[in-house]
Structure formats: C-alpha cells, structure tokens
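User: Please take a close look at the interior of this model, and describe in one connected account what is enclosed there and what surrounds it.

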Amino acid sequence: MSGPERCSNEEGTDHQGAGGPLPRPSRLARHRRKLIAAAALLAAPVLAHLGIGAATRIDPPPIGAVAGEPAAGPAGLRVLGPAYARRRGRILEARLSGSPEEIGHQHGRLFYPEMVRNEGTLYDQFRRYVPVAPVRWLIMDVSRLQFRGVDEGMSDRVRREIAAQARAFSPDPFDGVLPTYHRFIFLQSLYDIALSFEHSPLIGCTSFALTGAASADGHAVLARNFDFEAGPVFDEGKAVFLVHEQGKIPYASVSWPGLVGAVTGMNAAGLALVVHGGRAGEPRAAGEPVVHTMREVLGSARTVDEALALLEARAPMVSHLVMLVDADGEVAIAERAPGAPLHARRGRGKVPLTNHFEGPLASDPRNRRVEAETSTHARRRRLDERLAALPEGATIEAAVDVLRDRRGPGGVPLPLGDRRAIDALIATHAVVMDATARVLWVSEGPHLAGRFLRFDLARLLDPAFDPARDTAEPEALPEDPLLTRGDYAAWERAGSPHPGGELGSDAADPSASDGERDGGAP
C-alpha cells in the first residue's frame, strides 16, 4: 500500500502498529487536559478563599481573664457585678461599668441571647438579599481583603473590650462565618462598611434641635429618628446603655445589644449627639469607625466645641453628618468625609438635619446623587415646615409629634410607610434628648407608634443609683393613634409597603408643581 493510500485509509480506523491495531485511548485520557483545567478552575476559588482567610485574619489583643455569670435579681433584674439589665416597658435598660475587659465581659454575658438573635437576623437578611452562596462568599472575601486592617483605627481600649466581649460570647453559633473576635470587629464597623457601598440602605434619618425660646423653659433639645432597616429585631430589642468607663464621662447610648459604639447618645455633662449617613469623598478602609468616634466624644467632651475638636482630630472611614447639642444650647452639625477638613455649621433656635451636605461638600457628585435619588429633600422641606409652625416654648410632646409626621411637604397625605415622610415606619429608634435636664425620651416601638419612655440620666448615671430600689413604672408619652386605631396593623397585613424610596427630591415631593416647590403650611 502506498503512502498516500495508507494515509487516506487511516481516517475512522484503528491505528496499525507492527503487531496489529493499537488500542483506542480512553475518553478520560483524551480529555485529561480539559479535566485538569476544569478542576483547577473549580479549585482556584476554594484555594483563594482559604488563602484570603489565612492572610486577613484579625487576632485579638492579649487580655486578662474576667469571670462571672449573670444572676437573677429582684424586679426582673439580671445582675453581673456592678452591671445590670432589665426591661423598662419593651426597652432594655442596662448599666455597664469598669475596665474595658470588664465592660466587654458584662456585655457578652448579660446580653448573650439578644446578641445571638441580632446577629442571626443580620445573616438572614444577607441570605435574603444575596441568595446565591458563592456570591455571598465572594462579598465576604472582598470585604475581608478591603477591610483587613479595620481594627488598626480602633483604640487599644476598644479592641480589649471587643476581645473580652468575644470571649464571653460562648458558645458561638456563628463561628463558622468568621472567628468570633474577627467577626465582632467587622460587626462594630458595619456602619462604615455599609456606607462605603454606593447604594447603602443607611442613607436615612431625620433630626432637629430646639434651643432658647424655641423650646419649653429654654431647654436645649435634640430629637432624632434613626432609620436603620436591618430587621425588626433592632426595633423590638432596642437598648438604653448606661456606660461607666474608667476615667471617662458616664454616658447613655441608645442602640442594640452587641454594639460597642454609639449612634445616638448623651453624656452626664449634657452633650448630646446623633449620626446621619451622608455621601461625599472617597470611602477608605483605614480610619476610626464612626460608632467608636461617637463613643469617644460622649466619654470625653462636655461642650460642642470640645466635641468638634475631637472630631477634627480623627480620620473617618466614610462620610457622615453629626449633630451636636450641649447643655448651654450650642448646636453644631459636623460634616465629615475622608480626606476633607471638618466643616461645622452652627445654629440656634430651630435647626434641621436630614442627609445631604450643605457646606463645601455640597457640590460633591456623591452628595448630588443622594439629593437626586433619595428622600432627603422631601423630608427636609416637610421638617422645615413643621419647625416653622412650632410655637415658641415647644414641649417634648410637640417634638415627638414632629418626629411622627407622615405627610409630605405642604401637608399632602402620603401612603403609610412612604419614605418621603419624616416617619416612614422604618426607624429602629426615635429619641428626644433634653440636654439641659439630662433626660431621654425613647420610642418603645413599633417604630414611633408606641409610647416614648422617660429615662432620667441625672439619676441613672449616678454611680450610687440602685436599680433594685427603683421599681416604679417609667413615665411615658402615649401611643400614636396610628396604633390604637388599627391602621398600623392594616399596613402590616398589606405587607408593610415602603413606596417613594428611589425618587429624587422634586420628583419625591407630592406637593411640588412647576411654579411652586416649597410647599405650604402644615
């Protein structure tokens, strides 16, 4: 057989060797390279995940041992050394006292059940919004890489407290997500990590200050709605923490079990503060998480000027606004962004705040998007109307009524839950703080519909205060008729809708027309 003939006959036949036909390679052998490549592609993410885990691990600082378990006390108290927890209506009241290690241990043991429930809710929400497991792993890995040094911006005191809290959080049902201390560091930085994303749900909140003739008896008042949509547990399980750190000014923080820092609070000197989400500048992975900065301010500053000096000396990770009021009636709004000098807006009388910058950062493209895509201007216009209509000498009840406002600019009715309202039924807490009298009025829930309970910080922050002797029911402002009429229950049955969330300031204003954008009287 000639060479050409031999070649033409080999197609589709067994190869011939000297001893006869050669065996056909197996399917596995023929596709071995493809299989190896596929295996490598599958293994690469797993190996990368393991490598990221090893390279980004955040280890706790060395701390001394702290012991002790909560014991049942009179009148429903849970007691651990000088610390205690109890229910006041539907609100948790707790005192934490001592060194960082002692406070961390008290927090982790007194609130272990609540912390398990809160953290589980966060993971449920994460799975709900990101249902594909590999995508969740990717988000977690990217976050671990980006924020691998987030603890470096925290003070040694805070790291030691978190380490003691992590040690006390035992057994840890979420250890498979991240080691306890590493995970707690991330949870304490959640506000900053979330705000670093362009469409963070934390761009919300409405606050105002009343000072001088604007408020009853000339008291300095700071009122706020904290709109935080991470699940109803943070509304139902809110806490008023009474914190006595060694060498610090005692202060109260309204938040939830597990949070070491502060977003709403007032100290024994009468300095009150609230934090609002904002957007300007470029987020950074380094710096001090905002909740820890606020805690440092509450523990160290007695006046607005001292608070501003502390804020100016600290580098933020993300942009935000801080409203400050002191017992002398001074008011300031600190506008903060990474890499930008702090800008303080001063005010007296009636001072409003929503979520947009008004100083040098007002022209930042990110701030412009907040103005165009969120309800900040619709809420601000309605707030301006309500404050303008308040008579001199406004009472705490009047302040609560403003916080509960559910109408649009011009008094136009809005559907329940509309995000353009001051009260969009999304707040996890609402607080009215009388800085002059050192008194907090805190919403019991749901949202702002329940009672507002009175917490007398002049008494509660006294080191000699004995909760076992304080068995009287707290003074309260009444429920919103929304609750008693059944409207709230009907809204829940309808699925708790929240319209109006992604509209610009003018588009979101139901009263605006081509010729008039300012609305009318309430």
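Analyst: A residue counts as buried under 20% relative accessible area, as exposed over 50%, and as partly exposed in between (1.4 Å probe, protein chains only). The model is predicted, and local features need pLDDT of at least 70, side-chain atom pairs count only at pLDDT 80 or more, and totals for chains, interfaces and linings use all residues. Residues are numbered from 1 along each chain as its sequence is written, and side-chain values use heavy atoms, with hydrogens and water left out.

I begin with the enclosed space. There are 3 cavities of 30 Å³ or more, a cavity being a set of points, on a 1 Å grid over the protein atoms alone, where a 1.4 Å probe fits but cannot get out. The largest cavity has a volume of about 280 Å³ (the space filled by probe spheres set on the points, which are joined across faces, edges and corners). Its lining (residues with an atom within 4 Å of a point) consists of 20 residues, of which Leu122, Leu187, Trp256, Gly258 and Leu259 are the closest to the centre of the cavity. By class, 15 residues of this lining are nonpolar, 4 are polar and 1 is charged (Ala, Val, Leu, Ile, Met, Phe, Trp, Tyr, Cys and Pro are nonpolar, Asp, Glu, Lys and Arg charged, and the others, Gly among them, polar). At least two lining residues come from each of α5 (112-129), α8 (180-188) and α9 (190-195), where helices are DSSP runs of H or I with at least four residues, strands are runs of E with at least two, and both are numbered from the N terminus. The largest share of the lining, 4 residues, belongs to α5.

The second largest cavity holds about 90 Å³ of space. It is lined by 14 residues, and those closest to its centre are Phe241, Val243, Tyr251, Leu259 and Val260. Leu259 is thus named among the residues closest to the centre of the largest cavity and also among those closest to the centre of the second largest cavity. At least two residues of the second lining are supplied by each of α4 (100-110), β9 (239-245) and β10 (251-255), and β10 gives the most, with 3 residues. The classes in this lining are 8 nonpolar, 4 polar and 2 charged residues.

Helix α4, which contributes to the second lining, also leads to the charged pairs. Across the whole structure there are 41 salt bridges, each a side-chain nitrogen of Lys or Arg within 4 Å of a carboxyl oxygen of Asp or Glu. In one of them arginine 160 meets glutamate 101, with the closest N and O atoms 2.8 Å apart. Arginine 160 lies in helix α7 (residues 156-168) and glutamate 101 in helix α4, so this pair ties together parts that are 59 residues apart in sequence. Glutamate 101 is itself buried, at 10% relative accessibility.

Other charged pairs are also found among buried residues. Glutamate 93 and arginine 86 are joined by a salt bridge of 2.8 Å, N to O; glutamate 93 is buried with a relative accessible area of 1%, and arginine 86 is buried at 5%. Arginine 420 and aspartate 418, whose closest N and O atoms in their salt bridge are 2.5 Å apart, are both buried. Through shared partners, salt bridges link Arg86, Arg88, Glu93, Arg459 and Asp470 into one network.

The backbone adds a further part of the picture. An open sheet of 7 strands runs in the order β16-β7-β8-β17-β18-β19-β20 with antiparallel pairing (strands pair if DSSP finds at least two bridges between them), and its edge strands, β16 (350-353) and β20 (476-477), each pair on one side only. Within this sheet β8 (residues 221-227) and β17 (residues 427-434) pair in the antiparallel sense over 7 bridges, with valine 221 opposite aspartate 434.

Loops next to these elements hold some local backbone features. Cysteine 205, in the loop between α9 and β7 (206-210), has a positive phi near 90 degrees and is buried at 1% relative accessible area. Alanine 75, in the loop between β3 (71-72) and β4 (78-80), likewise has a positive phi, of about 55 degrees, but is exposed at 58% relative accessibility. The peptide bond from serine 170 to proline 171 is cis, with omega near 0 degrees, and proline 171 lies in the loop between α7 and α8. Glycine 445 and proline 446 are also joined by a cis peptide bond, with omega about 0 degrees, and proline 446 sits in the loop between β18 (439-443) and β19 (452-456).

Key. 1 Å grid on protein atoms, 1.4 Å probe; cavity = no way out; pocket = protein on both sides within 12 Å on 5 of 7 lines; lining within 4 Å.
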